[in-house]
Amino acid sequence: MAYQFESRIRYSEVGEDKKLTLPGLINYFQDCSTFQSEELGGGLDVLRARGRAWVLAYWQITVNRLPELGESVVTETWPYDFRGFFGERNFRMKDHKGGTLACAASIWIYLDVNTGHPCRVDDDVFALYEPLLEERLPMEKCMRKIPVPEESVEEEPFPVMKSHLDTNHHVNNGQYISMAQEYLPKDFAVERIRVEYKKQAVLHDEVFPLVHREEGLCTVSLCDRERKPYAVVELKEMRKSAL
């Protein structure tokens, strides 16, 4: 059974168009899985005490419609697979009629924070989630690896700030999407987001964006000084007929 929580879209979560922002949508999804883990007894403090963390490796998010200011929504999540040090999880946001506003598939890595290496999911952690496994959402199947076009344009670099960080002292997953959005053409309505996370950026690191734009697609590689990506973000434009 999916874990869920209800909410209304707040003014602090919307953009100029009075609709939930993409980073706001990511926050709802991340909050939902965090709430579930906390209630199951496998939350942040428990993981920190044993030197473990769940680190996001890949997002694939489909947006049908972004909810508007004051709209009631239900956000839900459930795991659908565990293998080795990987965990996979779906997310969905629904309107008050049960229609799907947005949904996501995600891949997470169970990490030993002391060594920085992935480790096999602990048996007691697996036991928390195994009874909750459900079928994967029938989303479009995409390759996890996102190609970076060679003809990308390098934009002005910028530093990682304190406001970018999460409880693991790394740049928060959603922040990479916020960074990539800065390079979208005007009036580019996003239908699909894919993010491949390569390595963690920390405070005072410098980010060098490499941006490739083509018809209906924008790929932003957020890189270190050696132009090796922290994360690659691919944003696909919504068809005009769907707007």
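In this predicted model, Leu 25 touches Leu 20, Ile 61, Val 63, Leu 66, Met 93 and Ala 102, leaving aside residues up to four places away in sequence. Leu 25 also belongs to a wider group: the largest nonpolar core has 55 residues, and Leu 25 is listed with Phe 29, Trp 59, Ile 61, Tyr 176 and Ile 193 as the residues with the most contacts inside this core. Helix α1, which covers residues 22–40, gives the most to the core, with 6 residues.

Helix α1 also holds a polar residue that merits attention, Ser 33. Is Ser 33 buried or exposed? Its relative accessible area is 8%, and because buried means under 20%, Ser 33 counts as buried. The side chain of Ser 33 reaches the backbone oxygen of Gln 30 at 3.1 Å. Apart from residues up to four places away in sequence, Ser 33 touches Thr 77, Arg 89 and Phe 91.

These contacts lead to the strands. Strand β4 spans residues 86–94, and 7 of its 9 residues are buried, so this strand is largely enclosed by the rest of the structure. Strand β4 has a pairing partner in strand β3 (residues 72–83), and the two run antiparallel over 9 bridges. Within this pairing, Asp 81 stands opposite Glu 88 of β4. The two strands form a hairpin with 2 residues between them, and in its turn Gly 84 has a positive phi of about 60 degrees.

Strand β4 pairs with strand β5 (residues 100–112) as well, again in the antiparallel sense, through 9 bridges. Here Arg 89 has Ser 106 in β5 as its bridge partner; Arg 89 is also one of the residues that Ser 33 touches. The hairpin of β4 and β5 has 5 residues between the strands, and Gly 98 takes a positive phi near 90 degrees there.

A last topic is the cysteines. How many disulfides does the model contain? The count comes to 0. For Cys 218 the reason lies in distance: the closest cysteine sulfur, in Cys 223, is 13 Å away, which is too far for a bond, because a disulfide requires two cysteine sulfur atoms within 2.5 Å. Cys 218 is buried, at 0% relative accessibility. Cys 119 is buried too, with a relative accessible area of 15%.

Definitions and conventions:
Residues numbered from 1 in each chain as written. Predicted model: local features only at pLDDT ≥ 70, side-chain atom pairs only at ≥ 80, totals over all residues. Heavy atoms only, no water. Core = buried A, V, L, I, M, F, W, Y, C linked by side-chain atoms within 4.5 Å. Buried < 20%, exposed > 50% of the residue type's maximum accessible area, 1.4 Å probe, protein only. Helix = DSSP H or I, 4+ residues; strand = E, 2+ residues; numbered from the N terminus. Contact = heavy atoms within 4.5 Å. Polar contact = N/O pair within 3.5 Å; in protein donor to acceptor, adjacent residues only side chain to side chain. Pairing = 2+ DSSP bridges.
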